[in-house]
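Okay, thanks for making time, everyone. I've got a few local features to walk through, so let me put the model on the screen.

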Amino acid sequence: SCQRFELKGYKRDIGPEDEYSKKILKDTLYPDFRKIMFSDAKDQHHVRYVINSKSSIAIHDFDNKSTQTYTVSVVQCELYLFRGHIGLFSLKIQLQDGLTLNDIRNHLFNIRLFDVRCEGGQAWHEWISKNYLAGISLRSTESEIVEADEYSGSKFKLFTAIQFNSSDQITAMDRKELLYDIGTISHIGSAKGGKYFSPDPAYYETVMQNRVAAYQNWEAICLFDSFSCIGTNFLLDREGGISPSWDQTYFRVYLFRLFFKYNLYRYNSLVADSDSDKLVKHRDQFEEFLNQYNISHISFNFLPNLIFEKAGSALDLRAEIEMFRERIKNLSTAIQEKKQAKTNFLLQLVTGLSGLSVLSDLPSIIDQVLEFTHWTKMELSIYVILLLFLMGFGVFYYLKPEQVKKWFARK
């Protein structure tokens, strides 16, 4: 699969090559997280591919009654491939200059929807598949089942950063309310109250519990399907480019949390559809997944850990892990009890048969059967073998009905 992306112009990203940048990563991030999200050329378990290819596309407003279009520019696509687990892709999107906050909100509302229509009539997800994913589909159709579609919902996740050039452009209170509006993709001004979609005060406070406010010049919020940051002069580095802290570190923290969440969806789905044999397999795979990816801290610095914690809280990861483990435990116990009951029944049956006195008279019974049926000993042996086979098959079906049904389903 990697080769198809290389043919499209993707390059393997092996992280920074200069020693200074390598040292910064080493001194900032814990090894576990660094090896996963900043892997080098030696790591074949966690692979990143990137393509810097600018494409612009006009997206129609989701409202069918509207004739408004929104032009967005995709300047980069990154692929994060995890062996044996769901891979993720990300698009870096730039909006036009001079947009109002309402324009920005409308752009965000539309680009997060899988099925919003692009110029030419194709769906947004279809355009992405064709132009950046080497034709890999994101949505299932009648002729093609896309497994990842079971865990993705109907919306893309958003990582949004909005920078004001001066603190005079926005007050601290306005910034906090705007953070709610952008994070929830509500109409601008909703958080102030008085609008149709304005939040109840209790709900507003609940949402804002996942707010990250470490410094006075910016603040962020982690929600179930978005990470949004708004501030003044926080996004760019000294050379005028986007700071690696935002473009890479904090972004990859959020991306890692999404990767973890999607795999919880996947294992929940697999367990729900599993028979007894596969349940054990999926349970072991899940525990292996947790051992590798369920890390509690990622950095020597406080801010990456804070964003990591808030993103995990917004996605409700800790509670879902505990509930999933309890679910597997209960399912395993139920299956074990069912198997034990079947085993006890068979043991009782064997015990009963072994106690029959007729077994001592078996030779004379065979002679009587041969005399009555006029069979030869060879014919009798064949019939006995067939009888034992049918009995054995019946016992196997009793113990493992799922396996037998699969055999017949393949034929």
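I'll start with a pair of helices and then go through some single residues.

One thing up front: this is a predicted model, so keep that in mind throughout.

Right, the helix pair. Two packed helices are generally described by the angle between their axes and the distance between those axes. Here I'm looking at helix 8, residues 244–272, and helix 10, residues 302–314. So what angle do helix 8 and helix 10 pack at? About 30°, and their axes sit 9 Å apart. Since angles under 35 degrees count as roughly parallel, helix 8 and helix 10 are roughly parallel to each other. The crossing of the two, helix 8 with helix 10, is right-handed.

And who's actually touching whom? On the helix 8 side you've got Tyr250, Val253, Tyr254, Phe256 and Arg257. They meet Leu303, Pro304, Ile307, Phe308, Glu309, Ala311 and Gly312 from helix 10. If you sort that contact between helix 8 and helix 10 by class, you get nine nonpolar residues, one polar and two charged.

Next up, two asparagines. Asn106 is part of helix 4, which covers residues 101–111. Is Asn106 buried or exposed? Its relative accessible area is 19%, and the cut-off for buried is under 20%, so Asn106 counts as buried. The side chain of Asn106 also makes a polar contact of 3.0 Å with the side chain of Arg105.

The other one is Asn210, and that's in a loop, between helix 7 (201–207) and strand 7 (211–215). With a relative accessible area of 12%, Asn210 is buried as well. What does Asn210 contact once you leave aside its neighbours within four places in sequence? Ala220, Ile221 and Cys222, and then Lys310, Ser313 and Ala314.

Last bit: backbone angles. Most residues other than glycine have a negative phi, so I flagged a couple of positive ones. Ala134 has phi near 55°, and it's not a glycine. You'll find Ala134 in the loop between helix 5 (124–132) and strand 6 (158–164). At 16% relative accessible area, Ala134 is buried.

Then there's Asn233, again not a glycine, with a positive phi of about 50°. Where does Asn233 sit? In the loop that runs between strand 9 (226–232) and helix 8, and helix 8 is the one we met packing with helix 10.

That's my lot, happy to scroll back to any of these.

Terms used:
Residues are numbered from 1 along each chain as its sequence is written. This is a predicted model: local features need pLDDT of at least 70, side-chain atom pairs count only at pLDDT 80 or more; totals for chains, interfaces and linings use all residues. Side-chain values use heavy atoms; hydrogens and water are left out. Helices (H or I, at least four residues) and strands (E, at least two) are DSSP runs, numbered from the N terminus. Buried means under 20% relative accessible area, exposed over 50%, partly exposed in between (1.4 Å probe, protein chains only). A polar contact is a pair of N or O atoms within 3.5 Å; within protein, one must be able to donate a hydrogen and the other to accept it, and residues adjacent in sequence count only if both atoms are side-chain atoms. Axes are lines fitted to C-alpha atoms, for helices over the stretch in contact, and angles run from 0 to 180 degrees between N-to-C directions. Angles under 35 degrees count as roughly parallel, over 145 as roughly antiparallel, 65 to 115 as roughly perpendicular and the rest as oblique. A crossing is left-handed if the near helix is turned anticlockwise from the far one by less than a right angle, and right-handed if clockwise. Contact means heavy atoms within 4.5 Å. Ala, Val, Leu, Ile, Met, Phe, Trp, Tyr, Cys and Pro count as nonpolar, Asp, Glu, Lys and Arg as charged, and the others, Gly among them, as polar.
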